[in-house]
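The following report describes selected local features of one protein chain, going from its cysteines to its core, a helix contact, a hairpin and some loop residues.

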Amino acid sequence: MSLWRTKSIEASLADSHEKGHSLKRTLGTWDLMIMGVAVAVGAGIFSVGAKAAGSYAGPSVTLGFLLAAITCALAIMCYAEFASAVPVAGSAYTFTYATLGELLAWIIGWDLILEMLTAGAVIAKYWGIYLSKVFELANWDVPATISVFGLQVSWGAFVIVAIFTALLVLGTKLSARVASVFTILKVAIVLFVIVVGAFYIKPENYTPFIPEAVPSTGGDGDVWMQSLFSFMTGAHPAQYGIFGLLAGASLVFFAFIGFDVVATSAEEVKNPQKTLPRGIFAGLAIVTVLYLGVSLVLTGMVPYTVLADDPNASLATAFIAVGAGWAAQVISVGILVGLTTVIMVLLLGLSRVLFAMSRDGLLPRSLSVTSAKRGTPARIQIIAGTAVALIAGFTDVGVLEEMINIGTLSAFVLVSIAVIVLRKKRPDLKRAFSVPFSPYLPILSAVLCFWLMLNLTTLTWVRFAVWLAIGLAVYFAYGRRRSVVGIEAKRVYDATLREEAIAEEEAIRRP
(Lines give C-alpha, C1' and ligand atoms only; values in the text may rest on other atoms or scores of the structure.)
Protein backbone atom coordinates (compact mmCIF):
# COMPACT_ATOMS: atom_id res chain seq x y z
CA MET A 1 0.00 0.00 0.00
CA SER A 2 1.12 3.57 -0.64
CA LEU A 3 3.47 5.32 1.78
CA TRP A 4 1.68 8.56 0.93
CA ARG A 5 -1.82 7.51 1.93
CA THR A 6 -3.60 10.29 3.81
CA LYS A 7 -6.18 10.35 6.56
CA SER A 8 -9.22 12.45 5.69
CA ILE A 9 -10.22 15.45 7.78
CA GLU A 10 -13.60 13.83 8.35
CA ALA A 11 -11.95 10.66 9.69
CA SER A 12 -9.78 12.68 12.10
CA LEU A 13 -12.83 14.57 13.37
CA ALA A 14 -14.79 11.33 13.75
CA ASP A 15 -11.94 9.81 15.79
CA SER A 16 -12.23 12.65 18.30
CA HIS A 17 -15.67 11.27 19.21
CA GLU A 18 -14.67 7.58 19.35
CA LYS A 19 -15.87 6.09 22.63
CA GLY A 20 -12.99 5.17 24.91
CA HIS A 21 -10.45 6.96 22.69
CA SER A 22 -11.57 10.62 22.96
CA LEU A 23 -10.57 13.57 25.13
CA LYS A 24 -12.81 15.92 27.14
CA ARG A 25 -13.12 19.57 25.96
CA THR A 26 -12.45 21.72 29.04
CA LEU A 27 -9.95 24.45 28.01
CA GLY A 28 -10.71 28.08 27.15
CA THR A 29 -8.76 31.04 25.69
CA TRP A 30 -7.21 31.96 29.06
CA ASP A 31 -6.05 28.36 29.58
CA LEU A 32 -4.35 28.26 26.17
CA MET A 33 -2.70 31.67 26.63
CA ILE A 34 -1.37 30.62 30.02
CA MET A 35 -0.23 27.30 28.58
CA GLY A 36 1.79 29.09 25.88
CA VAL A 37 3.41 31.45 28.38
CA ALA A 38 3.91 28.57 30.83
CA VAL A 39 5.91 26.45 28.39
CA ALA A 40 7.90 29.30 26.80
CA VAL A 41 8.89 31.36 29.85
CA GLY A 42 11.29 28.96 31.49
CA ALA A 43 15.02 28.39 31.51
CA GLY A 44 15.35 29.99 28.09
CA ILE A 45 14.62 33.51 29.26
CA PHE A 46 17.06 33.23 32.18
CA SER A 47 20.00 31.42 30.56
CA VAL A 48 19.82 30.85 26.79
CA GLY A 49 19.81 34.57 25.99
CA ALA A 50 23.00 35.08 28.03
CA LYS A 51 24.72 32.18 26.27
CA ALA A 52 23.67 33.43 22.84
CA ALA A 53 24.87 36.97 23.62
CA GLY A 54 28.21 35.86 25.03
CA SER A 55 29.13 33.16 22.53
CA TYR A 56 27.42 34.20 19.29
CA ALA A 57 25.66 37.54 18.84
CA GLY A 58 26.73 40.11 21.46
CA PRO A 59 24.16 42.90 21.99
CA SER A 60 22.48 41.95 18.70
CA VAL A 61 21.00 38.95 20.51
CA THR A 62 17.91 41.17 20.80
CA LEU A 63 17.61 40.99 17.01
CA GLY A 64 18.11 37.24 17.32
CA PHE A 65 15.12 37.04 19.66
CA LEU A 66 13.10 39.20 17.27
CA LEU A 67 14.01 37.02 14.27
CA ALA A 68 13.15 33.88 16.25
CA ALA A 69 9.83 35.46 17.31
CA ILE A 70 8.93 36.38 13.71
CA THR A 71 9.80 32.88 12.52
CA CYS A 72 7.75 31.37 15.32
CA ALA A 73 4.81 33.69 14.58
CA LEU A 74 4.77 32.72 10.90
CA ALA A 75 4.80 29.03 11.79
CA ILE A 76 2.18 29.49 14.50
CA MET A 77 -0.13 31.13 11.94
CA CYS A 78 0.03 27.87 10.00
CA TYR A 79 -0.66 25.88 13.16
CA ALA A 80 -3.61 28.14 13.99
CA GLU A 81 -5.19 27.65 10.55
CA PHE A 82 -4.85 23.89 10.82
CA ALA A 83 -6.01 23.69 14.43
CA SER A 84 -9.09 25.80 13.72
CA ALA A 85 -9.99 23.52 10.79
CA VAL A 86 -8.97 20.19 12.33
CA PRO A 87 -9.35 20.57 16.13
CA VAL A 88 -8.06 17.14 17.16
CA ALA A 89 -5.07 15.89 19.16
CA GLY A 90 -1.69 15.43 17.51
CA SER A 91 -0.77 18.90 16.25
CA ALA A 92 1.73 18.78 13.35
CA TYR A 93 1.46 14.98 13.12
CA THR A 94 -2.30 15.11 12.51
CA PHE A 95 -2.01 18.04 10.09
CA THR A 96 0.69 16.28 8.06
CA TYR A 97 -1.28 13.02 7.95
CA ALA A 98 -4.20 14.87 6.35
CA THR A 99 -2.07 16.48 3.64
CA LEU A 100 1.39 15.01 2.96
CA GLY A 101 0.79 11.35 3.71
CA GLU A 102 1.43 8.70 6.35
CA LEU A 103 5.21 8.39 6.00
CA LEU A 104 5.84 12.11 6.51
CA ALA A 105 3.23 12.14 9.27
CA TRP A 106 5.15 9.38 11.06
CA ILE A 107 8.43 11.27 10.60
CA ILE A 108 6.99 14.48 12.02
CA GLY A 109 5.32 12.60 14.87
CA TRP A 110 8.67 10.96 15.62
CA ASP A 111 10.29 14.43 15.53
CA LEU A 112 7.70 15.79 17.97
CA ILE A 113 8.39 12.89 20.32
CA LEU A 114 12.08 13.82 20.11
CA GLU A 115 11.34 17.47 20.84
CA MET A 116 9.05 16.93 23.82
CA LEU A 117 10.81 13.93 25.31
CA THR A 118 14.24 15.59 25.27
CA ALA A 119 12.85 18.98 26.31
CA GLY A 120 10.96 17.42 29.21
CA ALA A 121 14.07 15.54 30.36
CA VAL A 122 16.36 18.57 30.01
CA ILE A 123 14.00 20.87 31.92
CA ALA A 124 13.30 18.29 34.63
CA LYS A 125 17.06 17.81 35.14
CA TYR A 126 17.62 21.56 35.45
CA TRP A 127 14.67 21.83 37.81
CA GLY A 128 16.42 19.45 40.17
CA ILE A 129 19.66 21.41 39.91
CA TYR A 130 17.99 24.76 40.62
CA LEU A 131 16.01 23.22 43.49
CA SER A 132 19.32 22.43 45.19
CA LYS A 133 20.45 26.03 44.58
CA VAL A 134 17.31 27.33 46.26
CA PHE A 135 18.08 25.05 49.20
CA GLU A 136 21.57 26.59 49.32
CA LEU A 137 20.04 30.07 49.56
CA ALA A 138 18.15 28.84 52.64
CA ASN A 139 21.39 27.31 54.01
CA TRP A 140 19.97 23.79 53.72
CA ASP A 141 22.46 21.11 52.73
CA VAL A 142 20.35 19.03 50.35
CA PRO A 143 22.31 17.33 47.52
CA ALA A 144 20.98 17.48 43.95
CA THR A 145 21.65 13.77 43.45
CA ILE A 146 21.50 10.59 45.50
CA SER A 147 23.34 7.31 44.95
CA VAL A 148 21.22 4.33 43.92
CA PHE A 149 23.14 1.07 43.34
CA GLY A 150 26.22 3.11 42.53
CA LEU A 151 24.41 5.42 40.10
CA GLN A 152 23.96 9.13 40.74
CA VAL A 153 20.25 9.92 40.37
CA SER A 154 18.72 13.39 40.11
CA TRP A 155 15.92 12.88 42.63
CA GLY A 156 14.38 16.31 41.99
CA ALA A 157 13.63 15.39 38.38
CA PHE A 158 11.75 12.28 39.50
CA VAL A 159 9.70 14.23 42.03
CA ILE A 160 8.55 17.04 39.72
CA VAL A 161 7.75 14.68 36.81
CA ALA A 162 5.79 12.38 39.12
CA ILE A 163 3.74 15.28 40.52
CA PHE A 164 2.71 16.63 37.12
CA THR A 165 2.14 13.20 35.63
CA ALA A 166 -0.34 12.55 38.45
CA LEU A 167 -2.04 15.93 37.90
CA LEU A 168 -2.37 15.32 34.16
CA VAL A 169 -3.88 11.89 34.78
CA LEU A 170 -6.41 13.48 37.12
CA GLY A 171 -7.48 16.03 34.50
CA THR A 172 -6.20 18.62 32.02
CA LYS A 173 -8.34 21.42 33.52
CA LEU A 174 -6.92 20.82 37.01
CA SER A 175 -3.38 20.92 35.62
CA ALA A 176 -4.17 24.16 33.77
CA ARG A 177 -5.34 25.78 37.01
CA VAL A 178 -2.12 24.84 38.80
CA ALA A 179 -0.10 26.12 35.83
CA SER A 180 -1.96 29.47 35.95
CA VAL A 181 -0.76 30.16 39.49
CA PHE A 182 2.88 29.36 38.71
CA THR A 183 2.79 31.25 35.40
CA ILE A 184 1.47 34.47 36.92
CA LEU A 185 4.17 34.25 39.59
CA LYS A 186 7.03 33.74 37.14
CA VAL A 187 5.85 36.54 34.83
CA ALA A 188 5.94 38.82 37.86
CA ILE A 189 9.53 37.72 38.55
CA VAL A 190 10.54 38.40 34.93
CA LEU A 191 9.03 41.90 35.11
CA PHE A 192 10.95 42.43 38.36
CA VAL A 193 14.19 41.47 36.59
CA ILE A 194 13.51 43.89 33.72
CA VAL A 195 12.65 46.82 36.00
CA VAL A 196 15.57 46.30 38.40
CA GLY A 197 18.05 45.58 35.61
CA ALA A 198 17.06 48.76 33.76
CA PHE A 199 18.67 50.83 36.55
CA TYR A 200 22.07 49.26 35.76
CA ILE A 201 22.04 49.80 31.97
CA LYS A 202 25.04 51.59 30.45
CA PRO A 203 24.49 52.66 26.81
CA GLU A 204 28.15 52.01 25.91
CA ASN A 205 27.57 48.29 26.47
CA TYR A 206 25.42 48.23 23.33
CA THR A 207 28.46 49.17 21.21
CA PRO A 208 29.32 47.46 18.91
CA PHE A 209 25.76 46.23 18.50
CA ILE A 210 26.89 43.52 16.07
CA PRO A 211 30.48 42.64 17.08
CA GLU A 212 33.00 41.98 14.33
CA ALA A 213 33.28 38.31 13.40
CA VAL A 214 36.26 36.46 14.88
CA PRO A 215 37.44 32.83 14.49
CA SER A 216 36.00 30.62 17.19
CA THR A 217 38.36 29.01 19.67
CA GLY A 218 39.39 25.56 18.57
CA GLY A 219 39.57 26.35 14.85
CA ASP A 220 39.09 23.47 12.45
CA GLY A 221 39.01 21.02 15.35
CA ASP A 222 35.50 22.21 16.13
CA VAL A 223 34.10 20.84 12.87
CA TRP A 224 31.31 18.98 14.68
CA MET A 225 30.37 22.04 16.70
CA GLN A 226 30.13 24.49 13.80
CA SER A 227 26.84 25.05 12.03
CA LEU A 228 25.87 22.71 9.21
CA PHE A 229 25.79 25.74 6.87
CA SER A 230 29.41 26.60 7.72
CA PHE A 231 30.38 22.95 7.28
CA MET A 232 28.73 22.72 3.84
CA THR A 233 30.19 26.00 2.59
CA GLY A 234 33.68 25.29 3.95
CA ALA A 235 33.70 28.40 6.11
CA HIS A 236 35.92 28.41 9.21
CA PRO A 237 34.01 28.31 12.50
CA ALA A 238 33.43 31.89 13.63
CA GLN A 239 31.79 33.89 16.39
CA TYR A 240 29.81 37.13 16.14
CA GLY A 241 29.16 39.09 12.97
CA ILE A 242 26.05 38.43 10.85
CA PHE A 243 26.46 34.66 10.96
CA GLY A 244 26.92 34.86 14.73
CA LEU A 245 23.64 36.76 14.93
CA LEU A 246 21.90 34.05 12.90
CA ALA A 247 23.47 31.29 15.01
CA GLY A 248 22.27 33.17 18.10
CA ALA A 249 18.76 33.31 16.65
CA SER A 250 18.86 29.53 16.11
CA LEU A 251 19.92 29.04 19.72
CA VAL A 252 17.36 31.39 21.31
CA PHE A 253 14.64 29.74 19.25
CA PHE A 254 14.78 27.22 22.10
CA ALA A 255 13.03 29.88 24.18
CA PHE A 256 10.03 29.85 21.81
CA ILE A 257 9.40 26.13 21.70
CA GLY A 258 6.11 25.13 23.17
CA PHE A 259 3.57 27.03 21.11
CA ASP A 260 3.32 24.00 18.86
CA VAL A 261 2.72 22.00 22.05
CA VAL A 262 -0.34 24.15 22.74
CA ALA A 263 -1.77 23.01 19.40
CA THR A 264 -1.57 19.37 20.56
CA SER A 265 -4.36 20.14 23.05
CA ALA A 266 -6.81 21.12 20.28
CA GLU A 267 -9.10 18.19 21.08
CA GLU A 268 -9.50 19.44 24.65
CA VAL A 269 -10.47 23.03 23.75
CA LYS A 270 -13.98 24.44 23.93
CA ASN A 271 -15.03 26.22 20.70
CA PRO A 272 -11.58 25.51 19.16
CA GLN A 273 -12.20 27.41 15.92
CA LYS A 274 -12.05 30.73 17.76
CA THR A 275 -10.36 29.82 21.04
CA LEU A 276 -7.18 28.25 19.61
CA PRO A 277 -5.97 31.15 17.44
CA ARG A 278 -6.74 33.71 20.15
CA GLY A 279 -5.01 31.75 22.91
CA ILE A 280 -1.90 30.91 20.90
CA PHE A 281 -1.33 34.44 19.53
CA ALA A 282 -1.97 36.13 22.90
CA GLY A 283 0.60 33.86 24.54
CA LEU A 284 3.19 34.49 21.81
CA ALA A 285 2.73 38.28 22.08
CA ILE A 286 3.29 38.26 25.85
CA VAL A 287 6.36 36.04 25.58
CA THR A 288 7.95 38.12 22.81
CA VAL A 289 7.64 41.36 24.79
CA LEU A 290 9.17 39.70 27.86
CA TYR A 291 12.07 38.24 25.87
CA LEU A 292 12.93 41.51 24.13
CA GLY A 293 12.84 43.34 27.46
CA VAL A 294 15.13 40.81 29.16
CA SER A 295 17.64 40.72 26.28
CA LEU A 296 17.89 44.54 26.17
CA VAL A 297 18.46 44.72 29.92
CA LEU A 298 20.95 41.84 29.91
CA THR A 299 23.23 43.26 27.21
CA GLY A 300 22.89 46.79 28.58
CA MET A 301 23.98 45.85 32.10
CA VAL A 302 27.37 44.34 31.22
CA PRO A 303 29.63 44.07 28.13
CA TYR A 304 28.93 40.90 26.17
CA THR A 305 32.54 39.86 26.80
CA VAL A 306 31.68 39.35 30.49
CA LEU A 307 29.04 36.84 29.43
CA ALA A 308 31.46 35.20 27.00
CA ASP A 309 33.99 34.60 29.80
CA ASP A 310 31.46 32.58 31.82
CA PRO A 311 30.67 29.14 30.30
CA ASN A 312 27.55 28.99 32.48
CA ALA A 313 26.42 32.56 31.82
CA SER A 314 22.89 33.51 32.81
CA LEU A 315 20.95 36.56 33.93
CA ALA A 316 22.42 35.99 37.38
CA THR A 317 25.90 36.51 35.89
CA ALA A 318 24.99 40.06 34.86
CA PHE A 319 23.44 40.97 38.21
CA ILE A 320 26.41 39.61 40.16
CA ALA A 321 28.79 41.55 37.88
CA VAL A 322 27.09 44.86 38.73
CA GLY A 323 27.01 44.11 42.45
CA ALA A 324 23.34 43.13 42.72
CA GLY A 325 23.82 39.62 44.03
CA TRP A 326 20.54 39.80 45.94
CA ALA A 327 18.71 39.99 42.62
CA ALA A 328 20.55 36.86 41.50
CA GLN A 329 18.90 35.03 44.40
CA VAL A 330 15.47 36.14 43.20
CA ILE A 331 16.41 34.93 39.70
CA SER A 332 17.29 31.46 41.06
CA VAL A 333 13.82 31.20 42.58
CA GLY A 334 12.33 32.57 39.34
CA ILE A 335 14.09 29.90 37.28
CA LEU A 336 12.76 27.16 39.55
CA VAL A 337 9.20 28.50 39.28
CA GLY A 338 9.60 29.02 35.54
CA LEU A 339 10.79 25.49 34.89
CA THR A 340 7.91 23.99 36.87
CA THR A 341 5.13 24.78 34.40
CA VAL A 342 7.33 24.06 31.37
CA ILE A 343 7.60 20.46 32.51
CA MET A 344 3.83 20.16 32.85
CA VAL A 345 3.03 21.44 29.36
CA LEU A 346 5.75 19.30 27.74
CA LEU A 347 4.41 16.18 29.48
CA LEU A 348 0.94 17.10 28.20
CA GLY A 349 2.18 17.62 24.63
CA LEU A 350 4.23 14.42 24.56
CA SER A 351 1.33 12.29 25.72
CA ARG A 352 -1.08 13.88 23.22
CA VAL A 353 1.20 13.20 20.24
CA LEU A 354 1.68 9.59 21.38
CA PHE A 355 -2.09 9.37 21.95
CA ALA A 356 -2.86 10.51 18.38
CA MET A 357 -0.30 8.14 16.84
CA SER A 358 -1.54 5.17 18.87
CA ARG A 359 -5.20 5.94 18.04
CA ASP A 360 -4.20 5.75 14.37
CA GLY A 361 -2.56 2.36 14.96
CA LEU A 362 1.00 3.52 14.21
CA LEU A 363 1.71 2.69 17.86
CA PRO A 364 -0.28 0.10 19.89
CA ARG A 365 -3.93 1.24 19.99
CA SER A 366 -4.30 0.03 23.57
CA LEU A 367 -2.22 3.05 24.64
CA SER A 368 -4.89 5.49 23.42
CA VAL A 369 -7.60 4.27 25.80
CA THR A 370 -8.94 7.19 27.86
CA SER A 371 -10.50 7.30 31.30
CA ALA A 372 -14.30 7.23 31.17
CA LYS A 373 -14.53 9.58 34.15
CA ARG A 374 -11.73 12.08 33.51
CA GLY A 375 -11.27 11.77 29.74
CA THR A 376 -7.47 11.58 30.00
CA PRO A 377 -5.12 9.00 28.38
CA ALA A 378 -3.79 7.73 31.72
CA ARG A 379 -1.77 4.82 30.32
CA ILE A 380 0.19 6.85 27.84
CA GLN A 381 0.58 9.76 30.28
CA ILE A 382 2.22 7.46 32.85
CA ILE A 383 4.48 5.89 30.20
CA ALA A 384 5.54 9.35 28.95
CA GLY A 385 6.20 10.58 32.48
CA THR A 386 8.25 7.49 33.31
CA ALA A 387 10.40 7.88 30.17
CA VAL A 388 11.07 11.57 30.89
CA ALA A 389 11.92 10.85 34.54
CA LEU A 390 14.34 8.04 33.68
CA ILE A 391 16.20 10.09 31.06
CA ALA A 392 16.39 13.13 33.35
CA GLY A 393 17.31 11.13 36.43
CA PHE A 394 20.00 8.85 35.02
CA THR A 395 21.63 10.63 32.06
CA ASP A 396 23.62 13.73 31.21
CA VAL A 397 20.98 15.65 29.28
CA GLY A 398 23.28 18.49 28.21
CA VAL A 399 23.89 16.83 24.83
CA LEU A 400 20.15 16.84 24.12
CA GLU A 401 19.52 20.60 24.17
CA GLU A 402 19.94 21.32 20.44
CA MET A 403 17.95 18.19 19.59
CA ILE A 404 14.92 20.03 20.95
CA ASN A 405 15.36 22.84 18.44
CA ILE A 406 15.82 20.65 15.39
CA GLY A 407 12.74 18.59 16.29
CA THR A 408 10.62 21.72 16.61
CA LEU A 409 11.93 23.41 13.47
CA SER A 410 11.46 20.31 11.32
CA ALA A 411 7.82 20.19 12.46
CA PHE A 412 7.41 23.89 11.63
CA VAL A 413 8.78 23.35 8.12
CA LEU A 414 6.33 20.55 7.30
CA VAL A 415 3.30 22.30 8.81
CA SER A 416 4.09 25.44 6.77
CA ILE A 417 4.17 23.35 3.59
CA ALA A 418 1.09 21.36 4.62
CA VAL A 419 -1.04 24.54 4.90
CA ILE A 420 -0.43 25.25 1.22
CA VAL A 421 -1.28 21.65 0.29
CA LEU A 422 -4.52 21.72 2.32
CA ARG A 423 -5.61 24.96 0.63
CA LYS A 424 -5.26 23.19 -2.73
CA LYS A 425 -6.82 19.88 -1.68
CA ARG A 426 -9.68 21.20 0.46
CA PRO A 427 -10.64 24.75 -0.51
CA ASP A 428 -14.14 23.94 0.78
CA LEU A 429 -12.97 23.34 4.35
CA LYS A 430 -14.30 25.84 6.88
CA ARG A 431 -11.46 27.79 8.51
CA ALA A 432 -11.99 30.13 11.46
CA PHE A 433 -8.48 31.52 10.87
CA SER A 434 -6.54 31.70 7.60
CA VAL A 435 -2.89 32.62 7.11
CA PRO A 436 -2.85 35.94 5.21
CA PHE A 437 -0.96 36.29 1.92
CA SER A 438 -0.90 32.54 1.36
CA PRO A 439 1.12 30.83 -0.09
CA TYR A 440 3.81 33.50 0.35
CA LEU A 441 3.87 33.66 4.18
CA PRO A 442 3.79 29.87 4.62
CA ILE A 443 6.67 29.56 2.14
CA LEU A 444 8.60 32.27 4.02
CA SER A 445 7.91 30.41 7.26
CA ALA A 446 9.27 27.14 5.84
CA VAL A 447 12.39 28.85 4.46
CA LEU A 448 13.17 30.71 7.70
CA CYS A 449 12.69 27.58 9.82
CA PHE A 450 14.91 25.55 7.51
CA TRP A 451 17.54 28.30 7.60
CA LEU A 452 17.55 28.19 11.39
CA MET A 453 17.96 24.41 11.17
CA LEU A 454 21.04 24.87 8.97
CA ASN A 455 22.56 27.06 11.69
CA LEU A 456 22.43 24.25 14.23
CA THR A 457 25.63 22.25 14.74
CA THR A 458 26.74 19.46 12.44
CA LEU A 459 26.75 17.04 15.38
CA THR A 460 23.10 17.87 16.06
CA TRP A 461 22.23 16.95 12.47
CA VAL A 462 24.10 13.64 12.78
CA ARG A 463 22.17 12.77 15.96
CA PHE A 464 18.95 13.84 14.24
CA ALA A 465 19.68 11.51 11.32
CA VAL A 466 20.24 8.61 13.73
CA TRP A 467 16.93 9.36 15.48
CA LEU A 468 15.11 9.40 12.12
CA ALA A 469 16.72 6.09 11.12
CA ILE A 470 15.45 4.49 14.34
CA GLY A 471 11.99 5.95 13.72
CA LEU A 472 11.84 4.60 10.16
CA ALA A 473 12.82 1.16 11.41
CA VAL A 474 9.95 1.25 13.94
CA TYR A 475 7.50 2.44 11.27
CA PHE A 476 8.31 -0.27 8.73
CA ALA A 477 8.52 -3.00 11.39
CA TYR A 478 5.25 -2.08 13.13
CA GLY A 479 3.36 1.09 12.23
CA ARG A 480 2.91 0.58 8.51
CA ARG A 481 1.33 -2.87 8.99
CA ARG A 482 -0.89 -1.82 11.93
CA SER A 483 -2.04 1.54 10.57
CA VAL A 484 -5.83 1.96 10.85
CA VAL A 485 -5.86 3.92 7.59
CA GLY A 486 -3.76 1.23 5.91
CA ILE A 487 -5.92 -1.62 7.18
CA GLU A 488 -9.07 0.13 5.96
CA ALA A 489 -7.47 0.88 2.58
CA LYS A 490 -6.47 -2.80 2.25
CA ARG A 491 -10.00 -3.90 3.18
CA VAL A 492 -11.48 -1.66 0.50
CA TYR A 493 -8.87 -2.81 -2.02
CA ASP A 494 -9.53 -6.51 -1.30
CA ALA A 495 -13.29 -5.94 -1.50
CA THR A 496 -12.85 -4.26 -4.86
CA LEU A 497 -10.77 -7.17 -6.15
CA ARG A 498 -13.45 -9.64 -4.99
CA GLU A 499 -16.19 -7.65 -6.71
CA GLU A 500 -14.15 -7.53 -9.92
CA ALA A 501 -13.48 -11.29 -9.73
CA ILE A 502 -17.20 -12.03 -9.20
CA ALA A 503 -18.09 -9.74 -12.11
CA GLU A 504 -15.60 -11.57 -14.37
CA GLU A 505 -17.03 -14.97 -13.37
CA GLU A 506 -20.55 -13.81 -14.10
CA ALA A 507 -19.45 -12.46 -17.47
CA ILE A 508 -17.90 -15.83 -18.35
CA ARG A 509 -21.05 -17.74 -17.35
CA ARG A 510 -23.29 -15.58 -19.49
CA PRO A 511 -24.24 -17.29 -22.83
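How far is the sulfur of Cys-78 from the closest cysteine sulfur, and in which residue does that sulfur lie? The closest cysteine sulfur is in Cys-449, at 8.5 Å from that of Cys-78, which is too far for a bond. This is a predicted model, in which local features need pLDDT of at least 70 and side-chain atom pairs count only at pLDDT 80 or more, whereas totals for chains, interfaces and linings use all residues. Residues are numbered from 1 along each chain as its sequence is written, and side-chain values use heavy atoms, with hydrogens and water left out.

The structure holds 0 disulfides, a disulfide being a pair of cysteine sulfur atoms within 2.5 Å. The two cysteines below are buried, where buried means under 20% relative accessible area, exposed over 50% and partly exposed in between, for a 1.4 Å probe and protein chains only.

| Cysteine | Closest cysteine sulfur | Sulfur distance | Relative accessibility |
|---|---|---|---|
| Cys-72 | Cys-449 | 8.2 Å | 0% |
| Cys-78 | Cys-449 | 8.5 Å | 0% |

Helices (H or I, at least four residues) and strands (E, at least two) are DSSP runs, numbered from the N terminus. Helix α4 covers residues 61-85, and its 25 residues should span 36 Å at 1.5 Å a residue, which agrees with the 36 Å between its end C-alpha atoms; the expected span is 1.5 Å times one less than the number of residues. Because 19 of the 25 residues of α4 are buried, this helix is largely enclosed by the rest of the structure.

The largest nonpolar core has 157 residues, and those with the most contacts inside it are Tyr-79, Tyr-93 and Phe-256. Such a core is a set of buried Ala, Val, Leu, Ile, Met, Phe, Trp, Tyr and Cys residues joined through side-chain atoms within 4.5 Å. Helix α6 (residues 102-137) contributes the largest share of this core, 21 residues. In soluble globular proteins, nonpolar side chains tend to be buried together. Leaving aside residues up to four places away in sequence, Tyr-79 has contacts (heavy atoms within 4.5 Å) with residues including Phe-95, Asp-260, Ala-411, Phe-412 and Val-415.

Ser-410 lies in helix α17, which runs over residues 401-425, and counts as buried because its relative accessible area is 9%. Its side chain makes a polar contact of 2.9 Å with the side chain of Asp-111; a polar contact is a pair of N or O atoms within 3.5 Å, of which, within protein, one must be able to donate a hydrogen and the other to accept it, and residues adjacent in sequence count only if both atoms are side-chain atoms. Beyond four places in sequence, Ser-410 also touches Ile-108, Met-453 and Phe-464.

Strands β1 (residues 145-148) and β2 (residues 151-154) run antiparallel and are joined by 4 bridges, where pairing requires that DSSP finds at least two bridges between the strands. Ile-146 stands opposite Val-153 in β2, and the hairpin formed by β1 and β2 has 2 residues between the strands, with Phe-149 in the turn at a positive phi of about 50°.

Some loop residues complete the description. A cis peptide bond joins Thr-207 and Pro-208, with omega about -5°, and Pro-208 is found in the loop between α8 (172-198) and β3 (214-215). The peptide bond from Ser-438 to Pro-439 is also cis, with omega near 10°, and Pro-439 is found in the loop between α17 and α18 (440-454). Phe-437 lies in the loop between α17 and α18, has a positive phi near 55°, and counts as exposed because its relative accessibility is 64%.
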